[in-house]
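I opened the notebook to look up empty space, buried cores, cysteines and a few single residues. My entries follow.

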Amino acid sequence: MSLTYWAQYAWLPHVNGPVVERDVLVSTVHGGRIGKVTPDAGPCPPGAVRLEGLLVPGQANAHSHAFHRALRGTVQVGSGTFWTWRDTMYRVACALDPDSYLALATAVYAEMALAGITAVGEFHYLHHAPGGARYADPNAMGEALIEAAARAGIRITLLDTCYLASGFGTGPTRPQLRFSDGDADAWAARAADLKPREHARIGAAVHSVRAVPADQLGTVAHWSAMRRAPLHVHLSEQTAENDACLTAHGVTPTRLLADHGVLGPRTSAVHATHLTEEDIRLLSDSSTTICMCPTTERDLADGIGPARQLASAGCPVTLGSDSHAVIDPFEEARALELNERLRTRTRGHWTANALLRAGSEHGHASLGWPEAGRIEAGALADFTVLALDSVRTAGPPARLGAETAVFAASAADVRHVVVGGRQIVRDGVHQLVADVPSALRDSIAAALAS
């Protein structure tokens with residue numbers, strides 16, 4: 001089906017950098033791609049779908065653990081550490097089965113759509129039944145996530161995660177038996193049975209250097225390389241991981257990954273919070289992407305990573321909502337700049353245009369969707385429209401739309417979302433999931449009650 005959308009304003013590529021144009025016609029063609037983009041086209045013509053506000057590319061959530069959404073609020077009671085938070089997370093993980101995970105993930109992905117997210121990278125390690133027993137379909141949990149994205153109307157890259165150990169030289173704990181395939185060869189055999197769909201692509205992940213023995217890292221890297229698939233990895237989120245890696249191997253986690261062929265242009269290092277100067281050089285020399293998750297990193301008191309230094313060294317930067325303490329891509333984008341302002345006590349580390357590209361073009365590329373994240377002919381017809389007349393966004397001139405989107409707007413300002421040319425959010429209402437708050441409430445209650 002082909003449609004024409006008329007956008008009051010749109011953030012469009014330009015030879016000298018993106019600019020905001022007005023009265024923009026975006027035509028879609030069969031296959032869900034953009035056929036033509038026409039700025040300054042005049043009033044909305046008959047038959048076109050009218051989109052009031054600012055049209056930007058759909059946002060890519062480059063790092064998600066869908067089941068963590070059930071933790072929102074519950075892990076804020078009292079005080080604790082990353083490790084006590086993790087214990088609570090394990091209890092939720094033990095409660096889910098393919099049916100309940102389908103319900104929860106559908107609601108979470110619908111919440112993402114309402115926030116302007118059109119593609120998610122799901123860092124998936126909840127593979128098996130409690131105790132490690134295999135389901136009749138060994139990929140039942142991953143298939144539930146793929147189906148959930150379809151029901152919510154967004155794209156997904158299922159980053160099937162190798163997770164084998166609880167630490168250096170130690171086997172999985174009882175909660176982690178759900179995550180483990182036993183060894184990397186068994187992981188690779190199971191993951192090979194996952195198949196891409198029109199809305200879904202398959203990638204790989206190393207959970208962390210503490211969760212995959214060093215002599216098995218190469219198996220995951222080879223699996224990814226043979227398929228030219230994205231490869232993601234949690235990196236140096238906690239100083240405790242760095243210390244344990246130095247004790248076990250005499251090198252930092254980044255050096256260990258480099259030595260086993262994990263880094264590279266299809267790899268995304270998630271968090272990268274506590275790095276040495278050599279680590280930064282290894283990441284930049286290998287053209288590894290860096291995925292920052294500011295709302296989770298501050299929620300877990302992880303620290304502020306050297307994102308600006310990594311970007312200046314040549315690493316593309318992407319954004320993710322990770323534990324879903326907040327699902328708001330515009331909050332993630334501005335947090336990247338505001339965190340750096342706090343760290344350095346100076347302003348102006350990223351432009352609004354650069355931050356929007358991190359959340360769209362760079363994010364999609366890191367998930368294996370390089371044809372998305374731009375409003376131009378030939379790109380996937382995935383875009384989001386932000387209100388420019390809310391209490392948060394009213395006031396600035398439209399030419400400052402990028403600045404308004406990044407530094408003023410929130411997920412609450414998302415008015416319309418289109419994926420593959422199909423409108424899945426209209427006037428702030430999800431068109432496929434009838435009542436997203438109720439879906440979240442019911443699926444989370446079921447998970448917490450189990």
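**Entry 1: cavities**

I looked first at which element lines the largest cavity, and found that α1 gives the most, with five residues. The model I am reading is predicted. I noted the volume of this largest cavity as about 180 Å³. The lining has 19 residues, and Phe82, Trp85, His207, His234 and Glu237 are the closest to the cavity centre. I sorted the lining of the largest cavity by class: eight nonpolar, seven polar and four charged residues.

How many cavities of 30 Å³ or more does the structure hold? I get three.

I went on to the second largest cavity, with a volume of about 70 Å³. I listed its lining as Gln59, Ala60, Asn61, Ile117, Leu319, Gly320, Ser321, Ile327, Asp328, Pro329, Glu332 and Gly359. Two or more of these residues come from each of β5 (59-64) and α11 (329-344). β5 has the largest share of this lining, three residues. By class I have five nonpolar, five polar and two charged residues around the second largest cavity.

**Entry 2: pockets**

I turned to the open spaces. The largest pocket has a volume of about 280 Å³. I found 15 residues in its lining, and Val75, Ser79, Gly80, Thr81 and Thr84 lie nearest the centre of the pocket. Which helix gives the most to the lining of this largest pocket? It is α1 (residues 82-93), with four residues. I note that α1 also gives the most to the lining of the largest cavity. The pocket lining divides into six nonpolar residues, eight polar ones and one charged one.

The second largest pocket holds about 240 Å³ of space. I wrote down its lining: Gly31, Gly32, Ala149, Ala150, Gly153, Ile154, Arg155, Glu198, His199, Val419, Gly420 and Arg422. Four of the lining residues of the second largest pocket are nonpolar, five are polar and three are charged.

**Entry 3: nonpolar cores**

In soluble globular proteins, nonpolar side chains tend to be buried together. I looked up how that plays out here. The largest nonpolar core has 121 residues, and Phe67, Tyr101, Tyr109 and Leu283 touch the most other members. Helix α2 (residues 98-114) supplies the largest share of this core, ten residues. I also found a second, separate core of 14 residues, with Val24, Val26, Leu51 and Ala381 among them.

I took Tyr109 for a closer look. Setting aside neighbours within four places in sequence, I have Tyr109 in contact with Ala66, Val120, Glu122, Leu145, Ala148, Ala149, Ala152, Ile154 and Ile156. Ala149 and Ile154 from that list also line the second largest pocket.

**Entry 4: cysteines**

How many disulfides does the count come to? I get zero. I checked why for two cysteines. The cysteine sulfur closest to that of Cys291 belongs to Cys293, and at 4.1 Å it is too far for a bond. A disulfide would need the two sulfur atoms within 2.5 Å. Cys291 is buried, with a relative accessible area of 0%. For Cys315, the closest cysteine sulfur is in Cys291, 13 Å away, so no bond is possible there either. Cys315 is buried too, at a relative accessible area of 3%.

**Entry 5: two single residues**

I looked up Ile34 and found it in strand β3 (residues 33-38). Is Ile34 buried or exposed? I have it as buried, because its relative accessible area is 3%, and the cut-off for buried is under 20%. Leaving out residues within four places in sequence, Ile34 is in contact with Val26, Ser27, Thr28, Arg374, Ile375, Glu376, Ala377, Gly378, Ala379, Leu380 and Ala381. Val26 and Ala381 in that list are also members of the second core. I also noted the separation of Ile34 and Leu432: 398 residues in sequence and 22 Å in space, C-alpha to C-alpha.

My last stop was Glu241, in helix α6 (residues 239-249). Glu241 is buried, with a relative accessible area of 4%. What does Glu241 touch, not counting residues up to four places away in sequence? I have Phe168, Ser208, Val209, Arg210, Leu235, Ser236 and Pro253.

Notes
Residues are numbered from 1 along each chain as its sequence is written. This is a predicted model: local features need pLDDT of at least 70, side-chain atom pairs count only at pLDDT 80 or more; totals for chains, interfaces and linings use all residues. Side-chain values use heavy atoms; hydrogens and water are left out. On a 1 Å grid over the protein atoms alone, a cavity is a set of points where a 1.4 Å probe fits but cannot get out, and a pocket is an open set with protein on both sides within 12 Å along at least five of seven lines; lining residues have an atom within 4 Å of a point. Grid points are joined across faces, edges and corners, and a volume is the space filled by probe spheres set on the points. Ala, Val, Leu, Ile, Met, Phe, Trp, Tyr, Cys and Pro count as nonpolar, Asp, Glu, Lys and Arg as charged, and the others, Gly among them, as polar. A nonpolar core is a set of buried Ala, Val, Leu, Ile, Met, Phe, Trp, Tyr and Cys residues joined through side-chain atoms within 4.5 Å. Buried means under 20% relative accessible area, exposed over 50%, partly exposed in between (1.4 Å probe, protein chains only). Contact means heavy atoms within 4.5 Å.
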